[in-house]
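User: Please take a close look at the charged side chains and at the sheet that carries some of them. I would like one connected account of how the pairs are placed.

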Amino acid sequence: MTAGRTDQMTGQDAIGEEQEALDAAHVRRLEIQAELEQRLRGGAEEDSVVAAAMRSTQTRLHELTQAEQGLVFGRLDSRDGDVLRVGRVGVPSADDDADPLVVDWRAEASRPFYTATALAPQGQSRRRYIRSEGSTVVGVDDELLDGSTAGDLVGEGALLAALDERRTGRMGTAVATLQREQDDIVRADARGALVVQGGPGTGKTVVALHRVAYLLFAHPQLARAGVLVLGPSQRFLDYIGQVLPALGETAVVAATCESLVPGVRPERRESRPLAEVKGRPLWQRALAEHVAGLVPAPADLTLHWDGEDHVVPAATIERLQRGALSGRSYHHARRVLTAQLVDVLTELVADRAVELLASAEEGFEEILDRVDKSLARQDDRGARTQG
């Protein structure tokens, strides 16, 4: 009985501690929101730099507004006694020299929250999962990492608590309970394609969505270009629709294959056997050969510049095509070939200018020669007259 009461008190103390930290984070969040709103009211998009700053401010304001639920969901206690709270978005302290109240889950400083283990604690002694409803902390679950805080651990485990949560019929975020292997996928190198494979229910979709949120945070240029989430059906998109907004990301367009091209709709449905045949790997070679056949055959190319036509010989076009396609995708090769054609056109224009200059010099020399001959004849006639 005594032990039970002690555990309950420890749990209540932990909840109270995290409630105090969460309250401070929410107060600071609202202060920052007010500052951003004031900045937006006073700003004017006078030039591109100011306009970019205003868009950045709007994005920051939106992510803070969306972060009311789950503002803080984790905590790391280091062996040195430092405490780091992890949440949906970063919340800096009012004191510039103080540690942030909340560190964004996508920031590098938060990574040990997902990757530290008892075998490799990465300098951490405890990982704490914080469950909240709105602005109220309702549960705390601790995980021992190095044994130094064993007497202060509370809760039964974050994953078990997550499994016990009420289902809503829509996918929620797993940002508080991502496992090490899932975090490795989320933070994988942004270069090239990343394929996530696994059986039904293994978390492929939720990991992919969290990777999108991470990439938009770590590579802002992607947000300017936009991200397309392609799903098999509208029902699927509705099911996952709240995940990215809940993570503070809105620079995403969702579409099905049928709605990918505006105004274009499939006119017929294929039978299952035909769809199965079309899905076989043997089509990859056929499609590759078909696409290769769309590359135009080398021919003389006439480029128009400054009122003049400049012809690029077919042999040059063939050489440029061959070099651009070597080890590149067709889209990349197109950009490379375009850049090379600009260089070729520059050389042709320069050569034409040299030719015109040389022609002008020859014409000038002919004129001077005629003048010299004319002067010589006049001198000769004058000499004969005097004689």
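Analyst: Arginine 28 has a relative accessible area of 13% and is therefore buried, a value that, like the others here, comes from a predicted model. Its salt-bridge partner is glutamate 35, with the closest N and O atoms 3.8 Å apart, and glutamate 35 counts as partly exposed because its relative accessibility is 42%.

A second pair also sets a buried residue against a partly exposed one: arginine 128, at 2% relative accessibility, counts as buried, whereas glutamate 17, at 36%, counts as partly exposed. Their salt bridge brings the closest N and O atoms to 3.5 Å, and the pair links distant parts of the chain, since arginine 128 lies in strand S4 and glutamate 17 in helix H1 (residues 2-42), 111 residues apart.

Strand S4 leads to the sheet itself, which is open, has 5 strands in the order S3-S2-S1-S4-S5 and shows mixed pairing. Its edge strands are S3 and S5 (136-144), each of which pairs on one side only. Between S1 and S4 (residues 124-133) there are 5 bridges in the antiparallel sense, and within this pairing leucine 76 has arginine 127 in S4 as its bridge partner. On the other side, S1 (residues 72-78) pairs with S2 (residues 83-87), again antiparallel and over 5 bridges, with arginine 75 standing opposite arginine 85 in S2. These two strands form a hairpin with 4 residues between them, and glycine 81 in the turn has a positive phi of about 95 degrees. S2 is joined in turn to S3 (residues 103-104) by 2 bridges, this time with the strands running parallel, and glycine 87 stands opposite aspartate 104 in S3.

The structure holds 22 salt bridges. One of them joins glutamate 276 to arginine 280, with the closest N and O atoms 3.1 Å apart; here glutamate 276 is partly exposed at 43% relative accessibility, and arginine 280 is partly exposed at 38%. Elsewhere, salt bridges that share partners join Glu17, Glu18, Arg75, Asp77, Arg85, Arg126, Arg128 and Asp142 into one network, so that the facing arginines 75 and 85 and the pair of arginine 128 and glutamate 17 belong to one network.

Charges that are not paired in this way also deserve a look. Asp343, Glu347, Asp351 and Glu355 form a negative surface patch. Among them, aspartate 351 lies in helix H13 (residues 330-386) and counts as partly exposed because its relative accessibility is 42%.

Methods:
Residues are numbered from 1 along each chain as its sequence is written. This is a predicted model: local features need pLDDT of at least 70, side-chain atom pairs count only at pLDDT 80 or more; totals for chains, interfaces and linings use all residues. Side-chain values use heavy atoms; hydrogens and water are left out. Patches are made of residues with over 30% relative accessible area and no salt bridge: like charges are joined within 9 Å, nonpolar side chains (Val, Leu, Ile, Met, Phe, Trp, Tyr) within 5 Å. Accessible areas come from the Shrake-Rupley method with a 1.4 Å probe; for residues, only the protein chains shown count as cover. A salt bridge is a side-chain nitrogen of Lys or Arg within 4 Å of a carboxyl oxygen of Asp or Glu. Lys and Arg count as positive and Asp and Glu as negative; His and the chain ends are not counted. The place of a charge is taken as NZ of Lys, CZ of Arg, CG of Asp or CD of Glu. Buried means under 20% relative accessible area, exposed over 50%, partly exposed in between (1.4 Å probe, protein chains only). Two strands pair if DSSP finds at least two bridges between them.
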